[in-house]
Amino acid sequence: MIGCKKNINVSRIEKMLVEWLGDKVSERVFVGNTPPATLQESWTDFLLVDCDGIRDMDAYGTGTILLYTYVKPLNNNMKYGAKFIELEDKLTTLLSTTSLDNAMIRRRNTFNDYDDGIKWHFNVVELVLTIF
């Protein structure tokens, strides 16, 4: 039981997710907030990991992870669909081929939006995390 309690620490989970994602989906992975001060003109995408809360269920922990896949719009400000397909395909492969020692991750939902602050489109991939 002690192991599970230690593993439901939100900062530990964020660290695990960043290590799990690595550069397998995007070269840039951030936690918590978009990095508007550091956006580079050459970037076409980045990921943002948001741990939406973990519930302690005594024998295990469970919660929702929101993975924001940001993609720079095309020159005409249209959504860069081909880049989103590339990122989603990489994430799908990662989800289907990865085995974590003390956790299970599955996709629940995906929806899209636009960030008026940085003027980029993004998809939100909702993941369900179970910690053992």
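In which sense, parallel or antiparallel, do strand β1 and strand β2 pair? In this predicted model, β1 (residues 29-31) runs parallel to β2 (residues 45-56), and three bridges join the two strands. A good place to look is F30, which stands opposite L48 in β2.

The other pairing of β2 described here has the opposite sense: β2 and strand β3 (residues 61-71) are antiparallel partners, linked over ten bridges. Within this pair, C51 has I65 of β3 as its bridge partner. Four residues lie between the strands of the β2 and β3 hairpin, and D58 in this hairpin adopts a positive phi near 70 degrees.

It helps to place these strands in the whole chain. Three helices and five strands make up its elements, and their order from the N terminus is α-α-β-β-β-α-β-β.

Turning to overall dimensions, the C-alpha trace spans about 55 × 30 × 20 Å along its principal axes. The radius of gyration is 15 Å, which agrees with the value near 14 Å that a compact globule of 132 residues would have. Of these 132 residues, 43% count as buried. Among contacts with a separation of 6 or more, 57% come from residues 24 or more positions apart.

The surface rounds off the picture. About 7400 Å² of the chain is exposed, with carbon and sulfur atoms supplying 50% of this area. As for charge, the chain carries 15 positive and 18 negative side chains, and the centres of the two sets are 3 Å apart.

Note on methods:
Residues numbered from 1 in each chain as written. Predicted model: local features only at pLDDT ≥ 70, side-chain atom pairs only at ≥ 80, totals over all residues. Heavy atoms only, no water. Pairing = 2+ DSSP bridges. Rg over C-alpha atoms; globule rule 2.2 N^0.38 Å. Buried < 20%, exposed > 50% of the residue type's maximum accessible area, 1.4 Å probe, protein only. Contact = heavy atoms within 4.5 Å. Areas by Shrake-Rupley, 256 points an atom, 1.4 Å probe, with all protein chains shown as cover. Lys, Arg positive; Asp, Glu negative; His and termini not counted. Charge placed at Lys NZ, Arg CZ, Asp CG, Glu CD.
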